[in-house]
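Colleague: I would like to go through this model feature by feature. Could you give me the general idea each time, and then the case at hand?

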Amino acid sequence: MNNRVITKLLVANRGEIARRIFRTCRDLGIATTAVHSDPDADAPHVREADAAVRLPGAAPADTYLRGDLIIEAALATGADAVHPGYGFLSENAEFARAVLAAGLTWIGPSPAAIAAMGSKTAAKRLMARAGVPVLDALAEPTETDLPLLVKAAAGGGGRGMRVVRRLADLPGELAAARAEAAKAFGSDEVFCERYLPTGRHVEVQLLADGHGTVWAVGDRDCSLQRRHQKVLEEAPAPGLDPAVRAALHEAAVTAAKAIGYTGAGTAEFLLGPDGRCWFLEMNTRLQVEHPVTEAVTGLDLVALQLAVAEGEKLDAAAPVTVGHAIEARLYAEDPAQDWRPATGTLHRLELPLPHEEFTGRGVRLDAGLGPDGGEITAHYDAMLAKVIAWAPTRAAAARRLADALTRARIHGPATNRELLVRALRHPEFLAGRVHTGFLTEHAAALTAPADPTERERAALAAALADATTRPAALPSGWRNLPSQPQLKRYRAADGTELEVRYRLTRDGLRAEGHPDTVLLEATPDRVVLRTGTLRHSYDVARYHDAVHGDRIHVDTPSGSTALTALERFADPAAQTDPGALLAPMPGTVVRTAAAVGDTVTAGQPLLWLEAMKMEHRVTAPADGVLAELRATPGQQVELGTLLAVVQPAS
């Protein structure tokens, strides 16, 4: 067993996981090396490392997936160990072998253990031989097996996964899954298994040393997912029967021992409505959701990974869990638009105090960007941050996390913040009735438009804040003719246009649609109104960028509103053909599914874009004929690029 002392660690990753690992290294007195792509040249993980090495290029294939360059960077900077983080090369057995061959310490399980679990189909066969229950792969599915889930054998993260409800759709979905899997993982092997729409995704955190000790460090529920990717995770898994919990922990330990596992890993299971559980896969790395386990155990899992790599022994038993922790993944995406990812400038990412970063209980923030934000590009995952809350009870943890998200200052592209808050406050979630179809089942409530009264009042606050930036000699809205109020126009995040008409007279504010509203205070960044006897305070921030123009973010203790300032009068020349399909994000055209002249129906997929590690459908806006198709597979497109035009059938 390796007994080397680690003195300098290279993290072969980026963003929040690199910063998280660096945090532990600082506590332990270990020097650090970062690697970075060109878009990440000034990222926080680069600034926080003791040394940094450029990986020329932007795309992951040219940078964070170049194991040879990463090993060269470690040797050039005097690092004696490599931590892969998660994603990228973290479960690549060949990379682990190359790290060890270079004389470096690998922070993770052996290459043999990684390889054993690298294929889901091979892993299932191995686990079945070890006596762990598995959900059988279906070689020739029939009608009685429906619905089906198509999965990539060599990877995860939702890539290559398809739900099939009709056998007639299976050949096409298999072909699409193979193409996506080959591009994402280098293998086009896929398989089918039964899909349980209301199953639960429960996993067991494992930690094993080189001396035969294997810990089952509690469990987590990760059932709230979109596109088969986790959104909310919590520890411990709520409502598990003690016998089921014991069986899961025993199966996880059995799985680890079957392959001689060392280091941190996670055994993932599908829990059926009847309480039966099946092994899904083992992730041979640290998980994104590891902070919830740290919160309920008090452990530093990264420190333990390093200790195991140095040859240290674990205690005989894992610590018990205390309280409850929930993690929310904050994504730059619009849940109401089929989870469409968003790019652009994140101007502000700030949680209310008190909170800690990358450690601790209470409220914790793990983010790849600092409070002043940065650029969100299409090259990487859409996750901006993880917000974690711990409390003595599950209900208290959900309340604390929802409040922290509500009060956060998140100024930039669209996010899933409001959906997270609504999910955390949903009666079914609070009752512990969670499953993998939860977000779909409750989509209407979770993505409903914001309260129109609150949004209109926020727009009024934005207009009044803007008025304070004008010359004091002529207050905005003071007119000789009282019939000519000041007009401000905004577009809300869901596309709704809002008009604010007001006058500032010697008798005070006169705002159309707000007859009982009194202006108490107005500065460029703060407005205080009173409606009847109720006082409303608004913090207002304004930003300008070349893509979106003037963006205004209005924050209150009960929620936030994002607005785009519009010209006072609409420009007819700026109107877009209603049948024009514009690229909703920068990305790469993966494939097309129609040709010019085809008759199409509303909602029919016409093409797919790949951005932020996911494929996104672009669909026909209405019934008609595909008059133009300018997109071709492999084409790189920018936000707003004209992709196709659908005209009404005449």
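Colleague: Which residue stands opposite Arg491 in E31?

Modeller: The general idea is that strands of a sheet pair through backbone hydrogen bonds, either parallel or antiparallel. In this predicted model, Arg491 stands opposite Thr564 in E31. The two strands, E24 and E31 (residues 559–566), run antiparallel and are joined by four bridges.

Colleague: How many bridges join E24 to strand E25?

Modeller: Six bridges join E24 to strand E25 (residues 497–505), and this pair runs antiparallel. Leu487 stands opposite Arg501 in E25. The hairpin of E24 and E25 has four residues between the strands, and Gly495 there takes a positive phi near 95°. Strand E24 itself (residues 486–492) is mostly covered, with six of its seven residues buried.

Colleague: Is Thr561 buried or exposed?

Modeller: The cut-off for buried is under 20% relative accessible area. Thr561 has 16%, so this residue is buried. Thr561 lies in strand E31. Leaving out residues up to four places away in sequence, Thr561 touches Arg455, Ala458, Ile552, His553 and Val554.

Colleague: And Glu189, is that residue buried, exposed or partly exposed?

Modeller: Partly exposed covers the range between under 20% and over 50%. Glu189 has 36% relative accessibility and therefore counts as partly exposed. Glu189 is found in the loop between helix H7 (170–185) and E8. With residues up to four places away in sequence set aside, Glu189 touches Ser119, Thr121, Lys151, Ala152 and Ala153. A distance can be added: the C-alpha atoms of Glu189 and Ala61 are separated by 20 Å, and the two residues are 128 apart along the chain.

Colleague: Thr121 belongs to helix H6. Which elements do the buried residues of H6 pack against?

Modeller: In H6 (residues 120–129), the buried residues are Lys120, Thr121, Ala123, Lys124, Leu126 and Met127. They pack against two helices, H5 (111–118) and H8 (242–258), and against strands E6 (148–152), E8 (190–194) and E13 (277–283). Just after H6, Gly131 takes a positive phi of about 90°.

Colleague: E13 is also part of a sheet. Where in that sheet does E13 stand?

Modeller: The sheet is open and has nine strands, in the order E13-E12-E9-E10-E11-E14-E22-E20-E19, with mixed pairing. E13 and strand E19 (356–357) stand at the edges; each has a single partner strand, so one side of each is left without a neighbour in the sheet. Within this sheet, strand E9 (residues 200–208) and strand E10 (residues 214–226) run antiparallel and are joined by six bridges. Leu207 stands opposite Trp215 in E10.

Colleague: What is the order of the strands in the four-stranded open sheet?

Modeller: The order is E32-E39-E37-E34, and the pairing is antiparallel. The edges are strand E32 (580–582) and strand E34 (599–600); each has a single partner strand, so one side of each lacks a neighbour in the sheet. Strand E37 (residues 624–629) is joined to strand E39 (residues 642–647) by four bridges, and these two run antiparallel. Val625 stands opposite Gln647 in E39.

Colleague: Now the cores. Which residues have the most contacts inside the largest nonpolar core?

Modeller: In soluble globular proteins, nonpolar side chains tend to be buried together. Here the largest nonpolar core has 72 residues, and those with the most contacts inside it are Leu9, Leu232, Leu424 and Phe429. Helix H11 (residues 394–407) gives the most to this core, with seven residues. Apart from this core lies another, of 29 residues, among them Ala251, Ile259, Ala267 and Cys277.

Colleague: What is Leu424 in contact with?

Modeller: Beyond its neighbours within four places in sequence, Leu424 is in contact with Leu232, Ile326, Ala398, Leu401, Ala402, Leu405, Phe429 and Leu430. The buried residues of H11 include Ala398, Leu401, Ala402 and Leu405.

Colleague: What span should H11 have, and how far apart are its end C-alpha atoms?

Modeller: At 1.5 Å a residue, the 14 residues of H11 should span 20 Å. Its end C-alpha atoms are 20 Å apart, which agrees.

Colleague: Last, the cavities. How many are there of 30 Å³ or more?

Modeller: The count comes to four. The largest cavity holds about 90 Å³ of space. Its lining includes Arg226, Arg227, Glu333, Trp339, Asp381 and His616.

Definitions and conventions: Residues numbered from 1 in each chain as written. Predicted model: local features only at pLDDT ≥ 70, side-chain atom pairs only at ≥ 80, totals over all residues. Heavy atoms only, no water. Core = buried A, V, L, I, M, F, W, Y, C linked by side-chain atoms within 4.5 Å. Buried < 20%, exposed > 50% of the residue type's maximum accessible area, 1.4 Å probe, protein only. Contact = heavy atoms within 4.5 Å. Expected span 1.5 Å × (residues − 1). Pairing = 2+ DSSP bridges. 1 Å grid on protein atoms, 1.4 Å probe; cavity = no way out; pocket = protein on both sides within 12 Å on 5 of 7 lines; lining within 4 Å. Points joined across faces, edges and corners; volume = space filled by probe spheres on them.
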